[in-house]
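Thanks, everyone. I have one structure to walk through today. Please keep the view open while I talk.

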Amino acid sequence: MAPSTGSTTWFCCGAAWGPCGSTGKGACGTCNSASLQCAWPNASAACFDITRPDKCGKTLTRRTCGHQFTITSLCTNKAVRVKIADCGPQTDLWCGEKTCCGSKCGTNRIMDLTPAAYSAIGSLSGGRLPCTVA
């Protein structure tokens, strides 16, 4: 898969951890806020039907539960390796949304990270980071 540039946010899943209370285990049944995991908008046909990254001009390859990605923050140049544990974000709700750090920008939400994964590349208080996904 060629690297894709966009933005990432964070979400809670599984047992209580950090800023998260207890929640469901995600579409894959394994999601946990304290683990290095992510939600991917094309984790299944049913997921894609909800998230519709294509409506924002994003062609994201189908990758299923457990697939690993490397996410690199364009702000910090820090990278983290994550596994798919859920479906999301609902990319089509934020078509054209731009997130920048100086001149480095990402457009459209293409990945959600657990708090553990997000905090490895940025501050949870920021909420959104421009990133590359490879």
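I will take the barrel, then the core, then the cysteines, then a few backbone details.

A caution before the tour: this is a predicted model.

Start with the barrel. Six strands close it, in the order β1-β7-β2-β4-β3-β8, and the pairing is mixed. On average, neighbouring strands in this sheet are turned by 45 degrees against each other, direction ignored.

Look at β8, residues 128–133. It pairs with β1, residues 4–10, in the antiparallel sense, over 6 bridges. Within that pairing, S7 has P130 as its bridge partner. β8 also runs antiparallel to β3, residues 68–73, with 3 bridges joining the two. There, S73 is bridged to C131.

Now move along to β3 and β4. This pair is antiparallel too, with 5 bridges. F69 sits opposite V82 of β4.

Those two residues take us inside. The largest nonpolar core has 20 residues, and F69, I71, V82, M111, L113 and V133 touch the most other members. Two or more residues come from each of β2, β3, β4, β7, α2 and β8. A separate core has 5 residues, including F11, C13, C31 and A39.

Take I71 as an example. What does I71 touch, leaving out residues up to four places away in sequence? Its contacts include V80, V82, M111, L113, I121, C131 and V133. K78, A79 and T132 are on the list as well.

Next, the cysteines. How many disulfides does the structure hold? There are 7. I will show three.

One joins C12 to C20, S to S 2.0 Å. The torsion about its S-S bond is -75 degrees, and the link of C12 and C20 is left-handed. C12 is partly exposed at 29% relative accessibility, whereas C20 is buried at 5%.

The next joins C75 to C101, S to S 1.5 Å. It is right-handed, with 60 degrees about the S-S bond. This pair links distant parts of the chain: C75 lies in the loop between β3 and β4, C101 lies in strand β5, and they are 26 residues apart. C75 is partly exposed, at 29%. C101 is partly exposed as well, at 29%.

The third is C100 with C105, sulfur atoms 2.1 Å apart. The torsion about the S-S bond of C100 and C105 is about 110 degrees, so this disulfide is right-handed. C100 is partly exposed at 39%, and C105 is partly exposed at 26%.

Why is C38 not bonded to C31? Because the C31 sulfur, the closest cysteine sulfur to that of C38, is 8.7 Å away, too far for a bond. C38 is buried, with a relative accessible area of 0%. C131 is in no disulfide either. Its nearest cysteine sulfur belongs to C75, 9.5 Å away. C131 is buried, also at 0%.

Last, the backbone. G88 and P89 are joined by a cis peptide bond, omega about -10 degrees. P89 is in the loop between β4 and β5.

Two asparagines have positive phi. N77 is at about 65 degrees, in the loop between β3 and β4. N108 is near 80 degrees, in the loop between β6 and β7.

Are these two buried or exposed? N77 is exposed, with a relative accessible area of 53%. N108 is buried, at 5%.

That is the tour. Over to you.

Technical notes:
Residues numbered from 1 in each chain as written. Predicted model: local features only at pLDDT ≥ 70, side-chain atom pairs only at ≥ 80, totals over all residues. Heavy atoms only, no water. Pairing = 2+ DSSP bridges. Helix = DSSP H or I, 4+ residues; strand = E, 2+ residues; numbered from the N terminus. Buried < 20%, exposed > 50% of the residue type's maximum accessible area, 1.4 Å probe, protein only. Axes fitted to C-alpha atoms, helices over the stretch in contact; angles between N-to-C directions. Core = buried A, V, L, I, M, F, W, Y, C linked by side-chain atoms within 4.5 Å. Contact = heavy atoms within 4.5 Å. Disulfide = S-S within 2.5 Å.
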